[in-house]
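I opened this notebook to record what I looked up in one structure. The entries follow the order in which I worked.

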Amino acid sequence: MPKTQTSRGRVQDRARVAGGQDHEVKYEAEKEGVSKDTVKKAVKSAGNSRKKVEAEISRH
């Protein structure tokens, strides 16, 4: 019997930016209007929380 899917995993996944995943870095870069390198540096300094990454990008 298959498991019932919940949205819990998806919500937690969307709250993070995987710095090693090119498609996630590209999405965040386009969304914020910055380069992919800027996003990678923000992930490295602020961690992978999407809110913290966006706050780090807006500070620069």
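The entries below concern a predicted model, and they go from the core to the helices and then to the charged residues.

**Entry 1. The core**

I began with the nonpolar core, in view of a general tendency: in soluble globular proteins, nonpolar side chains tend to be buried together. Which residues make up the largest nonpolar core? I found 8 residues in it: Val17, Val25, Ala29, Val39, Ala42, Val43, Val53 and Ile57. Helices H2, H3 and H4 each give two or more residues to this core. The largest share, 3 residues, is that of H3.

I then took alanine 42 from this core and listed its contacts. Setting aside residues up to four places away in sequence, I noted that alanine 42 touches Gly47, Val53, Glu56 and Ile57.

**Entry 2. Helix H3**

I looked next at which residues of H3 are buried, and I recorded Val39, Ala42 and Val43. Viewed down the axis of H3, these buried residues fall within an arc of 100°, so they line one face of the helix. I noted that H2 and H4 are among the elements covering the buried residues of H3. On the face turned away from the buried side I found the exposed residues Asp37, Lys41, Lys44 and Ser45.

I also checked the residue that follows this helix. Glycine 47, just after H3, takes a positive phi of about 95°.

**Entry 3. Helix H4**

I repeated the procedure for H4, where Arg50, Val53, Glu56 and Ile57 are buried. Down the axis of H4, the buried residues lie within an arc of 125°, so they line one face of the helix. I recorded that they pack against helix H1 (8-14), H2 and H3. Which exposed residues does the face of H4 turned away from its buried side carry? I listed Lys51, Lys52, Ser58 and Arg59 there.

**Entry 4. Serine 49**

I located serine 49 in the loop between helix H3 (36-46) and helix H4 (50-59). Is serine 49 buried or exposed? Its relative accessibility is 18%, so I entered serine 49 as buried, the cut-off for that term being under 20%. Apart from residues up to four places away in sequence, serine 49 touches Ala15 and Arg16. I also compared serine 49 with aspartate 13: they are 36 residues apart in sequence, and their C-alpha atoms are 9.8 Å apart.

**Entry 5. Salt bridges**

I turned to the charged side chains. How many salt bridges does the count come to? I recorded a count of 4, and I describe some of them here.

Aspartate 22 and lysine 36 form one of these, with 3.3 Å between the closest N and O atoms. Aspartate 22 lies in helix H2 and lysine 36 in helix H3, so this pair ties together parts that are 14 residues apart in sequence. I noted aspartate 22 as partly exposed, at a relative accessible area of 42%. Lysine 36 is likewise partly exposed, at 36% relative accessibility. I also looked up aspartate 22 against lysine 40, which is 18 residues away in sequence and 9.7 Å away from C-alpha to C-alpha.

A further salt bridge joins glutamate 28 and arginine 50, at 2.4 Å from N to O. The pair links distant parts of the chain, since glutamate 28 is in helix H2 and arginine 50 in helix H4, 22 residues apart. I recorded both glutamate 28 and arginine 50 as buried.

Within H4, I found a salt bridge between arginine 59 and glutamate 56, the closest N and O atoms being 2.3 Å apart. These two residues are 3 apart in helix H4, so about one helical turn separates them. Arginine 59 is exposed, with a relative accessible area of 64%, whereas glutamate 56 is buried, with a relative accessible area of 13%.

**Entry 6. Glutamate 24**

My last entry concerns glutamate 24, in helix H2 (residues 22-32). Which side chain of opposite charge is nearest to glutamate 24? I found arginine 50, at 4.1 Å. Glutamate 24 is buried yet has no salt bridge, the cut-off being within 4 Å. A polar atom of the glutamate 24 side chain does lie 2.9 Å from the backbone nitrogen of alanine 18. Leaving aside neighbours within four places in sequence, I listed Arg16, Val17, Ala18 and Arg50 as the contacts of glutamate 24.

Methods
Residues numbered from 1 in each chain as written. Predicted model: local features only at pLDDT ≥ 70, side-chain atom pairs only at ≥ 80, totals over all residues. Heavy atoms only, no water. Helix = DSSP H or I, 4+ residues; strand = E, 2+ residues; numbered from the N terminus. Buried < 20%, exposed > 50% of the residue type's maximum accessible area, 1.4 Å probe, protein only. Lys, Arg positive; Asp, Glu negative; His and termini not counted. Polar contact = N/O pair within 3.5 Å; in protein donor to acceptor, adjacent residues only side chain to side chain. Contact = heavy atoms within 4.5 Å. Core = buried A, V, L, I, M, F, W, Y, C linked by side-chain atoms within 4.5 Å. Arc of directions from axis to C-beta.
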